[in-house]
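Visitor: Could you take me through one part of this model in close detail, and then show me how the rest fits around that part? I work with computed structures, so please give the cut-offs as you go.

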Amino acid sequence: MPLSTQSQQEDQQYVLVATLDNVRNLSNILKAITFKDHAIFNATQNGLKVTVEDSKCLQANAFIQADIFQEFVIKEDSVGFQVNLTVLLDCLTIFGGSTVPGVTTALRMCYSGYGFPLTLFLEEGGVVTVCKINTQEPEEPIDFDFCSTNVTNKVILQSDSLREAFSELDMTSEILQITMSPSEPFFRLSTFGNSGNAHYDYPKDSDMMELFQCTKTQTNRYKMSLLKPSTKALALSCKVSVRTDSRGFLSLQYLVRNDDGQICFVEYYCSPDEEVNDE
Amino acid sequence: MDYVATGGNVKVLAKAIHSLSRIGDELYFEHQDDGLALRTVNSSRSAFASFFLSPLFFQRFHTCPGHTFRCKMPVKSVQSVFKSLSSLEKTVEKCRIEWKPERSQLTFTLHCKHGLLKTHNLSFQDCESLQAVFDKEGCPNVLRAQPRLLVDTVLNFPPSLEEVTVSVSGDRMWLKNHVEDKTDQFKAMMTELCLSSEEFDHFSVSLQTSITFCLKELRGLLVFAESTGLPISVFFDDPGRPVVLSVSDSVLEANFVLATLSEDAHQNNNNNSKRASPPTPADDFMCDDMDSYLIAMETSEIAGASSQKEPQPSSSHGPPMPNHRVFLDSVMEEQQQERDEEEDLERPPNKKFRSLFFGSVSPTPSQVANQTTHSQDVLASDSEDEG
């Protein structure tokens, strides 16, 4: 381990130490939630949760389980801090983030506690870069109160099929309307743009549909501008679970497989744009 | 009205719309008993393109007999239906185009793999038929070549090149880039290449001539021809008369009609001495020959004449409009007005640009003074904050 040259003593001052052989396993998943600068980090024994929010209507969470890291030591029950995500990503890809097989950047991420900077040791090909990023007062993430017990409709799709639809969506439409229903059209994405309207219908027996659990017809509208960042997560993922609860809140969960075949999750919550009467 | 295209024909339809989108902003959609016509014309009306799809192109070609349907819509919105050509090829199994008389929208439905159904309801406007008057058969020169030959030829020219000059003799064809300005000619890289008649499927030249036209539209048609593998026929006459590029097989026909630079412009370019007094040749050009080239369209004549008053040297904002003419027929009044408006819009910018320029020059002292005081204010407040 190139980065294990740090002395044990030095390690003891840190409340959080996490090392990764391949920094891409962290940077890629963080890219999936990069739409605002401020990211709230919360580390527990289970791993790292990174939260980014927009307009109090959208929240994105990336979960990186402890076992993704080669080393994950946490001395407190919970460690929280906030950093500028763009700066962090710039640091994580400081060696250029090459995708050449066999060339990886190793990372050791350390945090000494409240008021201290987040320290990154990055190593590639024997060159070590140390980055210190000032941390900010952690904000409390919004609780969207999205309970699995309140979920009305849920579908799991292979990301490929949804990616195609999202890449073609009419961006002149201000909203994306999602209809989920136990009967036709089952799962429908609609846009209402300058040139007219468009609908993408997925039948429930499609090969792309892994799970279809819809109990009630629901039509909700979401701001396109809010949902747009989620396409970054969609691009990385292999499966996506789309859920809506009784209030019309949307949960998008993306299953992301990293370079080493391990699984991480990215989750987006979005509040509905307005009430729509069922037609 | 109900059409269904399947398999490879969906891609052909998509490619046709993509190549039309390279020419005009609006797609004219016209149902005829003997097929479906998709047409467009560019904003300066120097290029017209049409695709005609016969009923056999479609798996289903259903219509109420005697009922004509005609509309126009932004080509971009139709393009969005066939957005990704690569995935289209792999995923789309069937495309259905539908219109019901009670609806003001045209419905495109794509049936894709895995049961995915994409429905686009596109708004449209009523319109008159868009037609260009041209006579392919009357052209003394006809060339036909495989798309590959022309694609490879056009590849030699830089993508930024707007116009190309094609010259033909009994057994050869030359292509070279057309350079507008004599001064540019020294700066520009000149590319010239020669194709022997043997390279063509058909080469009949009875008039040795040299024509100059826009490359953009040719490129648009080449994209289509290359994907379908259909040979391209080129029909042309004297400079100033339109060139017709044509692709056809048993179920479809595409015609791209492009204006060519008239002889006068050529002479202007070739004659160095005339460069000394540029406005005069432009006027001469307007009075003399232009009328003879304007055949059909009264509307274009009126508007064309007005557009020609624009002094030629200042054509920095586009292709040399006055030289290009396509002969369009029976375009409705609304379009004429549109066109007049366009012309009006197109003309003032030049003046506007100048007046803006002068405007910014004349009040300079006060403006500069204002600006400096303003920026000083800001600086001052900043330093206060820091202090």
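Guide: Happy to. Let us begin where B:P147, B:R148, B:L150, B:V151 and B:V154 in helix 4 of chain B meet B:L215, B:L218, B:R219, B:L222, B:A225 and B:E226 in helix 6 of chain B. Contact here means heavy atoms within 4.5 Å, while helices (H or I, at least four residues) and strands (E, at least two) are DSSP runs, numbered from the N terminus. By class, this contact of helix 4 of chain B with helix 6 of chain B has eight nonpolar, no polar and three charged residues; Ala, Val, Leu, Ile, Met, Phe, Trp, Tyr, Cys and Pro count as nonpolar, Asp, Glu, Lys and Arg as charged, and the others, Gly among them, as polar.

A word on conventions before going further. This is a predicted model, in which local features need pLDDT of at least 70 and side-chain atom pairs count only at pLDDT 80 or more, whereas totals for chains, interfaces and linings use all residues. Residues are numbered from 1 along each chain as its sequence is written, chains are lettered from A and ligands numbered from 1 in the order in which they are written, and side-chain values use heavy atoms, with hydrogens and water left out.

Now the geometry. Two packed helices are described by the angle between their axes and the distance between the axes. For helix 4 of chain B and helix 6 of chain B, the angle is about 140° and the axes are 10 Å apart. Axes are lines fitted to C-alpha atoms, for helices over the stretch in contact, and angles run from 0 to 180 degrees between N-to-C directions. The two helices are therefore oblique to each other (under 35 degrees counts as roughly parallel, over 145 as roughly antiparallel, 65 to 115 as roughly perpendicular and the rest as oblique). Helix 4 of chain B passes helix 6 of chain B in a left-handed crossing, meaning that the near helix is turned anticlockwise from the far one by less than a right angle; clockwise would be right-handed.

Helix 4 of chain B also has a link of its own: B:R148 and B:D152 both lie in this helix, residues 147-155, four residues apart, about one turn. Their side chains meet in a salt bridge at 2.9 Å, N to O, the term covering a side-chain nitrogen of Lys or Arg within 4 Å of a carboxyl oxygen of Asp or Glu.

Helix 6 of chain B (residues 215-228) has another partner, helix 1 of chain B (residues 8-21): their axes come within 8 Å and cross at roughly 165°. Helix 1 of chain B and helix 6 of chain B are therefore roughly antiparallel, and their crossing is right-handed. Helix 1 of chain B brings B:K11, B:V12, B:K15, B:A16 and B:S19, and helix 6 of chain B brings B:G220, B:L221, B:V223, B:F224, B:S227 and B:T228. That set divides into five nonpolar, four polar and two charged residues.

B:S21 belongs to helix 1 of chain B as well. B:S21 and B:G220 are 199 residues apart in sequence and 8.3 Å apart in space, C-alpha to C-alpha. Leaving aside its neighbours within four places in sequence, B:S21 is in contact with B:V75 and B:Q79.

Stepping out to the partner chain, 16 residues of chain A are in contact with 16 residues of chain B. About 1500 Å² is buried between the chains, 46% of it from carbon and sulfur atoms; buried area is the accessible area (1.4 Å probe) that two parts lose on being put together, summed over both. On the chain A side, A:E164, A:E168 and A:S195 lose the most area to chain B, together 35% of what that side buries. Two salt bridges are counted between chain A and chain B. A:E164 forms a salt bridge with B:K118, the closest N and O atoms being 2.5 Å apart. Over all chains, the structure holds 21 salt bridges.
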